[in-house]
Amino acid sequence: MWDDFGMPAPFGFYLGLLAPAWRWWRPFLIFVGASLVLEVVQYLISVGIADVTDVITNTLGGLAGFGLLRLMRRRVTTRTLVTICVVFTALSVIAAAAFIASPIRLAGPHDVIFPSPTARP
């Protein structure tokens with residue numbers, strides 16, 4: 001799935017903005033449930049490897065984002081936090097679109113043929 005401790009953090013951040021009065025255990029259940037659903041779907045469609053450690057790291061990352069938002073609320077207004085989210089979301093969408101539209105491919109060129117050293121002209 002996300003395979004990284006930092007990737008689910010925006011999910012926790014956004015959830016904290018959407019439900020500011022929730023205690024920590026509600027987002028915890030949502031992070032575990034969402035991660036389980038995604039891992040099951042990943043297993044069913046045979047994309048990657050479904051792993052319990054992904055569920056754990058995704059949940060911890062979501063809680064880290066939720067906790068980070070709680071800490072930031074003490075120093076920054078909600079309006080500023082929403083602005084930060086909008087800017088980073090827009091930059092992420094632009095970066096993803098640029099990556100998808102880029103002509104760079106990981107495979108080598110297919111039109112170049114190297115003659116065998118033993119081949120005769």
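**Exercise 1. Place Phe28 in the fold and classify its exposure.**

Step 1. Phe28 sits in helix α2. Helices here are DSSP runs of H or I with at least four residues, strands are runs of E with at least two, and both are numbered from the N terminus.

Step 2. Phe28 has 31% relative accessibility, so it counts as partly exposed. The scale is this: buried is under 20% relative accessible area, exposed is over 50%, and partly exposed is in between, with a 1.4 Å probe and protein chains only.

Step 3. Now look for partners. Setting aside residues up to four places away in sequence, Phe28 touches Thr59 and Leu63. Contact means heavy atoms within 4.5 Å.

Step 4. Check a distance. Phe28 and Leu60 are 32 residues apart along the chain, and their C-alpha atoms are separated by 8.5 Å.

**Exercise 2. State what kind of model this is and how confident it is.**

Step 1. The model is predicted: local features need pLDDT of at least 70, side-chain atom pairs count only at pLDDT 80 or more, and totals for chains, interfaces and linings use all residues. Residues are numbered from 1 along each chain as its sequence is written, and side-chain values use heavy atoms, with hydrogens and water left out.

Step 2. The chain averages a pLDDT of 83, and 82% of the residues score at least 70. pLDDT is the predictor's confidence in each residue, from 0 to 100.

Step 3. Find the weak stretch. Residues 1–6 have a pLDDT below 50. Beyond near neighbours in sequence, this stretch has 17 contacts in the model.

Step 4. Rank the elements. Helix α2 (residues 25–44) has the highest mean pLDDT, 91. The lowest belongs to α1, at 86.

**Exercise 3. Describe the chain as a whole.**

Step 1. Count the elements: four helices and zero strands. From the N terminus, the order is α-α-α-α.

Step 2. The chain has 121 residues, and 20% of them are buried.

Step 3. Take the contacts with a separation of 6 or more. Residues 24 or more positions apart account for 67% of them.

Step 4. The accessible surface is about 9300 Å², and 73% of it belongs to carbon and sulfur atoms. Such areas come from the Shrake-Rupley method with a 1.4 Å probe; for residues, only the protein chains shown count as cover.

**Exercise 4. Find the largest nonpolar core and follow Leu17 and Leu81 within it.**

Step 1. List the five members: Phe13, Leu17, Leu69, Leu81 and Cys85. A nonpolar core is a set of buried Ala, Val, Leu, Ile, Met, Phe, Trp, Tyr and Cys residues joined through side-chain atoms within 4.5 Å.

Step 2. Two elements give two or more residues to this core: α1 (9–18) and α4 (78–101).

Step 3. Inspect α1. Its buried residues include Gly12, Phe13, Leu15, Gly16 and Leu17. Their cover includes α2, α3 and α4.

Step 4. Trace Leu17. Leaving aside neighbours within four places in sequence, Leu17 contacts Leu69, Arg73, Thr78, Leu81, Val82 and Cys85.

Step 5. Move to Leu81, in helix α4. Its relative accessibility is 0%, so Leu81 is buried. Outside four places in sequence, Leu81 contacts Phe13, Leu17, Leu69, Met72, Arg73 and Val76.

**Exercise 5. Is Arg73 buried, partly exposed or exposed, and what does it touch?**

Step 1. Arg73 lies in helix α3.

Step 2. Arg73 is partly exposed because its relative accessible area is 27%.

Step 3. Not counting residues up to four places away in sequence, Arg73 touches Gly16, Leu17, Pro20, Thr78 and Leu81.

Step 4. Arg73 and Pro20 are 53 residues apart in sequence, yet 9.9 Å apart in space, C-alpha to C-alpha.
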